[in-house]
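Student: Could you take a close look with me at a single part of this model? I would like one connected walk through it.

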Amino acid sequence: MDVLAGAILSEAGFARGSVSIEDGVVVEVSKRIPSDPLATGVVIPAFTNGHTHVADAIVQEELTGSLEDIVAPPRGLKHRALDAATDEDLVDGMRSMVRGMARMGVARFCDFREGGLPGARLLLRAALGGAVVPTVLGRPARIEYRREEVDAILRVTDGIGISSALDWPRDEVEKLAAHTRRAGKAFAAHCSERVREDIDAVLDLRPAFLVHMVEATDADLERTADAGVAVVACPRSNVFFGKVPDLPRFLRHRLAVHLGTDNAMVNSPSVLREMEFAYKVSRLRGGIGARDVLTMALRGRNGFTGPPDIGIRVGDPADLVVFDLPHGGDVTAALLKAAESDIALVYLRGHAWARKPSPKVAPRKERRSLPRSRGKRAR
């Protein structure tokens with residue numbers, strides 16, 4: 001049994017105690033402090049990266065031009081680069097992003113994967129056996145609905161994630177969304193990123209969640225909240241393209257907000273950096289609380305429709321991160337100033353990995369590295 005000790009995050013907040021782990025599952029959360037824990041520090045659940053394009057790591061050049069020039073299908077810079085890349089280069093780049101997320105304390109991510117069925121298979125190959133669990137949302141290779149292609153994509157993925165409903169002929173995107181729902185899979189879309197979109201038309205597609213919503217009106221946000229549709233905010237990406245997300249307004253409209261890092265050619269897949277930026281940029285719109293930001297980073301472990309349970313509980317998978325932070329003060333506020341170098345230990349899928357030598361990581365047992373190969377992907 002492994003034990004982590006220190007400031008343990010519960011639903012009520014942080015409290016001194018310990019977490020006991022057996023076979024990759026939390027078996028006890030206690031107020032006791034053992035004499036020889038595996039690691040000591042601030043202990044929280046591992047992060048969820050709610051929106052990525054990890055294959056974009058293939059783009060290594062400095063980015064110039066508009067949002068449309070860089071990411072719009074089918075001839076944006078990223079799409080030209082993806083089309084020109086070899087399969088091996090794409091897999092290597094995506095695998096590097098996935099391994100990086102593990103080091104950054106990310107347990108799971110949701111990727112909008114371009115390239116049709118072959119593109120989805122490449123991401124599954126890159127993530128196979130890793131410690132970070134992907135939710136893969138594929139999409140047709142071209143902006144057209146073909147039943148056989150969608151069937152094939154949905155057999156290997158968790159659903160469909162499109163660039164925007166505006167990019168599709170209306171009858172085609174309706175068929176795509178309906179097909180995805182019939183298969184019992186998630187349909188999701190970027191929405192109101194470049195321009196405001198007709199929210200009723202988007203919600204009629206019954207998406208599992210929407211990404212961005214920076215151009216949405218108050219009425220749009222209200223309709224989205226009433227429909228129970230979550231929103232993934234990507235503040236660093238939005239600001240890079242000249243738009244400031246209004247996170248306080250999202251919360252005022254009772255939206256379930258998650259955090260994502262978006263394009264790998266623009267941002268590292270670090271949810272910790274996204275948290276810090278989200279907290280700071282929200283001050284331009286009135287500000288939000290540190291607890292709100294932490295909730296955005298952690299709530300995805302229950303999916304996009306589950307409750308925002310962010311505390312560590314008995315029976316949960318032991319996907320946890322231990323931070324070596326100064327004692328005293330507001331622990332949640334301290335997390336928003338933390339860096340990856342403050343991560344003492346990452347515990348994912350039954351394996352522990354010490355990020356740095358520290359007296360707070362016990363030397364009593366050999367450190368276990370995050371595995372490179374562990375068989376089939378968890379679903």
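Student: In strand 14, which residue is the bridge partner of Val-43? Please start there and then tell me about the surroundings of strand 4 and about how helix 11 and helix 12 pack.

Tutor: Happy to, and please keep in mind that this is a predicted model. The partner of Val-43 in strand 14 is Val-322. Val-43 belongs to strand 4, where Ile-8 stands opposite Val-43. Strand 4 covers residues 39-45, and 6 of its 7 residues are buried, leaving the strand mostly covered. Strand 1 (residues 2-10) runs parallel to strand 4, and 5 bridges join the two. With strand 14 (residues 320-323) the arrangement is antiparallel, and 4 bridges make the connection to strand 4.

Now for the helices. Helix 11 (residues 271-281) packs with helix 12 (residues 290-298) at an angle of about 145 degrees, and their axes lie 10 Å apart. Their crossing is right-handed. Helix 11 brings Val-271, Met-275, Ala-278 and Tyr-279 to the contact, while helix 12 brings Ala-290, Val-293, Leu-294 and Ala-297. By residue class, this contact of helix 11 with helix 12 has 8 nonpolar residues, no polar ones and no charged ones.

Burial adds to the picture of helix 12. There, 7 of the 9 residues are buried, so helix 12 is largely enclosed by the rest of the structure. The buried residues are Ala-290, Val-293, Leu-294, Thr-295, Met-296, Ala-297 and Leu-298.

Key. Residues are numbered from 1 along each chain as its sequence is written. This is a predicted model: local features need pLDDT of at least 70, side-chain atom pairs count only at pLDDT 80 or more; totals for chains, interfaces and linings use all residues. Side-chain values use heavy atoms; hydrogens and water are left out. Axes are lines fitted to C-alpha atoms, for helices over the stretch in contact, and angles run from 0 to 180 degrees between N-to-C directions. A crossing is left-handed if the near helix is turned anticlockwise from the far one by less than a right angle, and right-handed if clockwise. Contact means heavy atoms within 4.5 Å. Ala, Val, Leu, Ile, Met, Phe, Trp, Tyr, Cys and Pro count as nonpolar, Asp, Glu, Lys and Arg as charged, and the others, Gly among them, as polar. Buried means under 20% relative accessible area, exposed over 50%, partly exposed in between (1.4 Å probe, protein chains only). Two strands pair if DSSP finds at least two bridges between them.
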